Amino acid sequence: MNFKLQKIVPQLITVLAVVLVFGFFSYNAQVNMENRGIDFGYGFLSQESSFDVQFSLIEYDGSHSYFRAYLVGLLNTILVSVIGIIFATILGVIVGVARLSPNYLINKFAAFYVEFFRNIPLLLQIFFWYFAALRALPLPQDADAMFGVFFLTIKGLYVPAFVWENFNVFFYSIVAAIIAIVVIRIHARKVQETQGKQLPVLWISLGLIFILPLLSFVIGGVSLSFEIPKLKQLATTSFIYEGGVSLPPELIALTLSLALYTATFIAECVRAGIQGVGKGQKEAAASIGLNPNQVLKLVVMPQALRIIIPPTTNQYLNLTKNSSLAAAIAYPDLVLVFAGTALMQTGKAIEIVSITMLTYLSLSISISILMNWYNKKIAIKEK
Amino acid sequence: MFKYLKQLTSLVAMVAVLFTFTTETMAAKKSKTLKNTQKKGFVRCGVSQGLPGFSNADAAGNWTGIDVDVCRAVAAAVLGDANKVKFTPLSAKERFTALTSGEIDILSRNTTWTLSRDADIGLTFVGVNFYDGQGFMVRKSSGITSTSQFKDGISACTNIGTTTELNMRDFFNSKGISYEPVAFEKADEVVAAYDAGRCDTYTTDKSGLAAQRTKMTNPDDHIVLPETVSKEPLGPVVRQGDSVWEDIVRWSLNAMIEAEEYGITSANADMMKSSDNPAVKRLVGAEGELGAAFGLDNEWSLRIIKQVGNYGESYKRNIADTGILPDRGPNELWTKGGILYVPPAR
């Protein structure tokens with residue numbers, strides 16, 4: 001009895017304390033809002049927003065609702081996070097492996113990169129890329145075409161747009177190629193397990209992924225043309241590019257700085273992971289006749305990943321949260337569009353900030369769940 | 001879930017009202033903000049992060065500008081010393097939250113008076129200290145001399161959280177022009193981006209354009225287009241719910257404007273005590289009991305005029321002499337062809 005009580009009382013006190021703290025804050029907010037004639041409610045979400053956003057993945061203008069403006073911001077945050085995570089991972093893995101290279105120059109260069117970029121505050125790096133590096137870019141009319149079709153200017157990167165005909169045939173050919181590759185892989189594994197013979201899976205896969213889509217062009221009636229951006233004059237010295245796809249400089253600067261910054265941390269995770277695999281493991285693998293590629297793929301990486309994944313998950317979360325620094329350089333992310341403009345125009349500070357906080361929480365938890373699932377998948381399966 | 005949240009909060013509110021009702025009626029006689037200000041010994045004033053002519057800090061941290069002068073006038077009236085002000089620089093996004101949450105007591109930050117701001121978000125506008133309108137700035141070399149030359153695809157830099165963002169949409173929509181809005185949080189970042197060539201035009205209040213132009217690498221390379229696309233009456237704001245404080249701020253501003261109307265300046269204010277005009281005598285505290293209405297002494301307005309000056313002096317010192325807008329335009333007294341017209345102090 002006494003023991004039970006001992007267990008319950010501290011918990012009750014904790015719950016009571018939490019309720020009291022929350023109660024006090026909501027009571028305080030309520031009283032003060034009442035005194036100042038501020039209404040509390042989420043009804044504003046369906047009102048017309050009447051402001052435009054520079055860059056949106058879904059159709060949006062000021063005649064849409066605040067809720068849609070929220071979605072625009074959310075999607076932009078997800079966009080920059082996803083691109084950032086992809087680039088940071090690729091760069092991080094390369095640099096992490098490079099730090100272990102026996103080549104002095106590669107090794108030191110990777111170390112310098114890591115120490116340099118992770119020790120400068122991210123906001124400064126964002127400012128640097130946006131206000132210093134991109135500022136040095138030419139005006140649209142002075143830009144030289146890269147490969148004849150890309151234009152990197154102070155107003156953004158203009159790339160050709162794809163114009164497809166019979167795109168669905170092309171799409172199906174890729175799906176067919178992927179299915180064929182999966183089937184062949186399963187077959188190859190069976191062959192190896194039963195007969196010990198190795199099939200050239202890589203070459204077959206590469207061949208399939210090229211040849212099937214190619215066939216769709218030749219006999220499937222698919223055709224692809226490019227819409228190349230064209231210079232358009234707005235005024236004597238003011239130009240833009242029309243046609244094609246334009247990537248705003250804000251997106252480029254933000255992705256670049258997030259990826260370069262986070263990649264340093266991922267590189268260290270990768271290095272730690274590889275170094276964490278015992279030397280004996282590699283030697284043992286080599287002694288049973290695996291070639292260096294197989295040693296890395298079959299022995300080192302599976303063990304290293306167990307060490308790499310959990311801290312890398314943290315870096316992914318950090319990158320997503322750091323993307324809120326977008327507000328400093330006018331990239332219309334969730335904080336700028338919703339917790340910025342929408343908050344100002346409606347004055348619903350408590351409502352909007354709470355929604356924004358919940359959104360970031362959900363984003364982070366989703367990434368965590370996904371990465372934990374992957375972590376479980378590669379963890380040692382005890383039998 | 002939101003439905004229950006609302007019920008719950010209104011329940012809490014009802015309890016709260018019952019609780020505070022008894023003490024509220026007693027405290028209402030004297031302004032809580034006034035009491036706190038006198039206890040602290042300084043006026044807490046929210047200003048911009050640096051807009052020459054309106055609120056701008058020099059290298060030594062001294063704030064000047066016509067918005068700053070409103071706060072100084074209140075400090076002179078309430079505390080007897082125009083220097084007893086604590087300035088808090090705020091971005092457009094932060095300003096209203098800072099005021100409603102009680103971090104500052106006056107927001108004097110080139111803020112446009114609109115219906116929704118006045119009625120919806122717990123603020124009260126006390127008057128207008130600058131009549132403005134939104135305009136556009138472009139590079140001279142672009143050859144653009146009028147907004148009618150704007151074409152589809154134009155990019156426009158501006159601040160977030162301003163009426164500018166909304167007016168810009170109205171303007172481009174009515175002209176049927178597609179545009180790219182590039183909205184930054186801080187004015188300095190807007191100027192830097194426009195100056196670098198990121199945008200074809202920079203849009204904000206015309207006074208703001210004139211002031212920011214002075215910060216450009218080559219001010220002469222830029223022009224402000226003649227069109228005015230909106231009404232932007234700028235003025236000081238206070239929290240809703242303290243009507244005495246609201247009156248003090250309103251009449252501090254009005255006193256400056258009326259002093260100009262009667263020709264009372266910081267130099268001649270003391271001599272004006274022996275004026276024949278009773279309106280003048282009331283303003284310099286030689287007649288009537290005007291200050292008593294807000295719980296102040298009778299020389300509140302005299303101190304404003306002596307320490308800060310009248311509206312004309314403030315305008316000349318901050319906006320005309322600095323070359324921002326030498327011409328007073330609509331911000332001239334009604335007696336001289338402008339629209340500055342304040343109710344009589346009596």
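**Exercise 1. Domains of chain A**

Determine how far apart the centres of domain 1 and domain 2 of chain A lie.

*Solution.* The structure is a predicted model. Begin with the division of chain A: domain 1 covers 2-38, domain 2 is assembled from 46-125 + 247-378, and domain 3 covers 167-218. Next, take the centres over C-alpha atoms; those of domain 1 and domain 2 of chain A are separated by 36 Å.

**Exercise 2. The contact between the chains**

Describe the contact of chain A with chain B, and state which element of chain A gives the most residues to it.

*Solution.* First, count the residues: 40 come from chain A and 45 from chain B. Second, list the elements of chain A that supply two or more residues to the side touching chain B: α1 (2-35), β6 (230-235), β7 (238-242) and α10 (334-346). Of these, α1(A) gives the most, with 6 residues. Third, sort this side of chain A by class, which yields 19 nonpolar, 14 polar and 7 charged residues.

**Exercise 3. Packing of α7(A), α9(A) and α11(A)**

Establish how α9(A) is oriented against α7(A) and against α11(A).

*Solution.* Start with α9 (residues 292-322) and α11 (residues 349-378) of chain A, whose axes come within 10 Å and cross at roughly 175 degrees. Angles over 145 degrees count as roughly antiparallel, and α9(A) is therefore roughly antiparallel to α11(A). The residues in this contact include Leu305(A), Ile309(A) and Leu317(A) from α9(A), and Leu363(A), Ile367(A) and Met371(A) from α11(A). By class, the contact of α9(A) with α11(A) comprises 12 nonpolar, 5 polar and 2 charged residues.

Turn next to α7 (residues 249-275) of chain A. Its axis and that of α9(A) come within 8 Å, with a crossing angle of roughly 155 degrees. This pair, too, is therefore roughly antiparallel, and the crossing of α7(A) and α9(A) is right-handed. Among the contributors are Phe265(A), Ile266(A) and Val270(A) of α7(A), together with Ala304(A), Ile308(A) and Pro311(A) of α9(A). The contact of α7(A) with α9(A) divides into 14 nonpolar and 6 polar residues, with no charged residue. Leu305(A) takes part in the contact with α11(A) and also in the contact with α7(A).

**Exercise 4. A sheet in chain A**

Give the strand order of the 4-stranded open sheet of chain A and identify its edges.

*Solution.* The order is β1-β2-β3-β8, with antiparallel pairing. The edges are β1 (145-146) and β8 (245-247) of chain A; each has a single partner strand, so one side of each lacks a neighbour in the sheet. To examine one pairing, take β1(A) and β2 (residues 150-153) of chain A, which are joined by 2 bridges in the antiparallel sense. Here Met146(A) has Phe150(A) in β2(A) as its bridge partner.

**Exercise 5. A sheet in chain B and its helices**

Describe the 5-stranded open sheet of chain B and the helices α6(B) and α7(B) that lie across its strands.

*Solution.* The strands follow the order β10-β9-β11-β8-β12, and their pairing is mixed. At the edges stand β10 (179-184) and β12 (222-224) of chain B, each pairing on one side only. On average, neighbouring strands of this sheet are turned by 25 degrees against each other, direction ignored. Strand β8 (residues 134-139) of chain B runs antiparallel to β12(B), with 3 bridges between them; Arg139(B) stands opposite His222(B) in β12(B).

Finally, place the helices. Helix α6 (residues 163-175) of chain B lies across β8, β9 (154-159), β10 and β11 (201-205) of chain B, at about 155 degrees to β9(B). Helix α7 (residues 187-196) of chain B lies across β9, β10 and β11 of chain B, running at about 155 degrees to β9(B).

Technical notes. Residues are numbered from 1 along each chain as its sequence is written. Chains are lettered from A and ligands numbered from 1 in the order in which they are written. This is a predicted model: local features need pLDDT of at least 70, side-chain atom pairs count only at pLDDT 80 or more; totals for chains, interfaces and linings use all residues. Two residues are in contact if their C-beta atoms, placed from the backbone, lie within 7 Å. Ala, Val, Leu, Ile, Met, Phe, Trp, Tyr, Cys and Pro count as nonpolar, Asp, Glu, Lys and Arg as charged, and the others, Gly among them, as polar. Domain bounds come from an automatic or database domain assignment. Two strands pair if DSSP finds at least two bridges between them. Axes are lines fitted to C-alpha atoms, for helices over the stretch in contact, and angles run from 0 to 180 degrees between N-to-C directions. Angles under 35 degrees count as roughly parallel, over 145 as roughly antiparallel, 65 to 115 as roughly perpendicular and the rest as oblique. A crossing is left-handed if the near helix is turned anticlockwise from the far one by less than a right angle, and right-handed if clockwise.
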